[in-house]
Amino acid sequence: MMQDEAKELDIDTRKNLIKQYQPDAKRLVRYISWLEMKRGGDVMQSFEGEGVEKTAFTFPVYDSTLLGFVKAARETQFITRNYQYVYSRHRIRNAEQEKKLVKEASLRDIDLLSGILSKYVLGGMTKSVLWAQGVESGIFLEVLYRLRDLLEINE
């Protein structure tokens with residue numbers, strides 16, 4: 001009996017966590033339908049210039065909804081600059097491990113979900129291919145599904 005009690009958060013703690021994180025999660029959960037539609041798809045085009053001014057290099061052009069999602073995510077408390085610590089603490093080495101941990105996450109693992117989301121959102125600021133990988137691999141979607149379930153969002 002004691003082990004079960006230790007594993008479960010008490011009711012007040014659970015309510016406080018939901019109250020603290022639910023508003024930010026609601027801002028992100030509204031992107032679920034778009035992410036479902038784009039999963040496995042392409043959200044990035046390469047711009048190469050035109051005509052005589054055609055440049056010698058290309059640069060990525062992202063879907064505006066993806067940019068909106070990234071901007072919204074950056075404004076939430078789910079983004080942490082210390083996401084590398086979460087990866088080392090949980091010994092996360094690849095996308096399969098990320099997805100497995102996300103599916104198993106409980107309400108007390110919000111820091112894990114934040115760390116994984118942060119890797120793709122903040123990492124994408126310097127290595128923008130991470131944004132596309134977050135959509136194509138479905139990791140953004142998996143994190144949002146888990147947040148929606150844990151924080152009891154019915155949308």
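Is Arg14 buried, exposed or partly exposed? Arg14 is partly exposed, with a relative accessible area of 33%; buried means under 20% relative accessible area, exposed over 50%, and partly exposed in between (1.4 Å probe, protein chains only).

The model is predicted: local features need pLDDT of at least 70, side-chain atom pairs count only at pLDDT 80 or more, and totals for chains, interfaces and linings use all residues. Residues are numbered from 1 along each chain as its sequence is written, and side-chain values use heavy atoms, with hydrogens and water left out.

**Salt bridges**

The structure holds 8 salt bridges, a salt bridge being a side-chain nitrogen of Lys or Arg within 4 Å of a carboxyl oxygen of Asp or Glu. Three of the pairs are tabulated here.

| Pair | N to O distance | Separation in sequence |
|---|---|---|
| Glu152 and Arg14 | 3.1 Å | 138 residues |
| Glu75 and Arg27 | 2.7 Å | 48 residues |
| Lys38 and Asp63 | 4.0 Å | 25 residues |

Lys38 is in helix H3 (residues 32-38), and Asp63 is in the loop between strand S2 (59-62) and H4. Helices (H or I, at least four residues) and strands (E, at least two) are DSSP runs, numbered from the N terminus. Salt bridges that share partners join Arg27, Lys71 and Glu75 into one network. Glu75 is partly exposed at 45% relative accessible area, and Arg27 is partly exposed at 30%.

**Asp24 and Phe78**

Asp24 lies in helix H2 (residues 11-29). Asp24 is buried yet has no salt bridge, and the nearest side chain of opposite charge, Arg27, is 4.3 Å away; Lys and Arg count as positive, Asp and Glu as negative, while His and the chain ends are not counted. Beyond residues up to four places away in sequence, Asp24 touches Thr76, Gln77 and Phe78, where contact means heavy atoms within 4.5 Å.

Phe78 is found in the loop between helix H4 (64-74) and helix H5 (83-89) and is buried, with a relative accessible area of 1%. Outside its neighbours within four places in sequence, the contacts of Phe78 include Tyr21, Ala25, Leu28, Ile110 and Leu147.

**Helices H6 and H9**

Helix H6 (residues 95-104) and helix H9 (residues 139-150) pack at an angle of about 10 degrees, with their axes 9 Å apart. Axes are lines fitted to C-alpha atoms, for helices over the stretch in contact, and angles run from 0 to 180 degrees between N-to-C directions. Glu98, Lys99, Val102 and Lys103 in H6 meet Ile139, Glu142, Val143 and Arg146 in H9.
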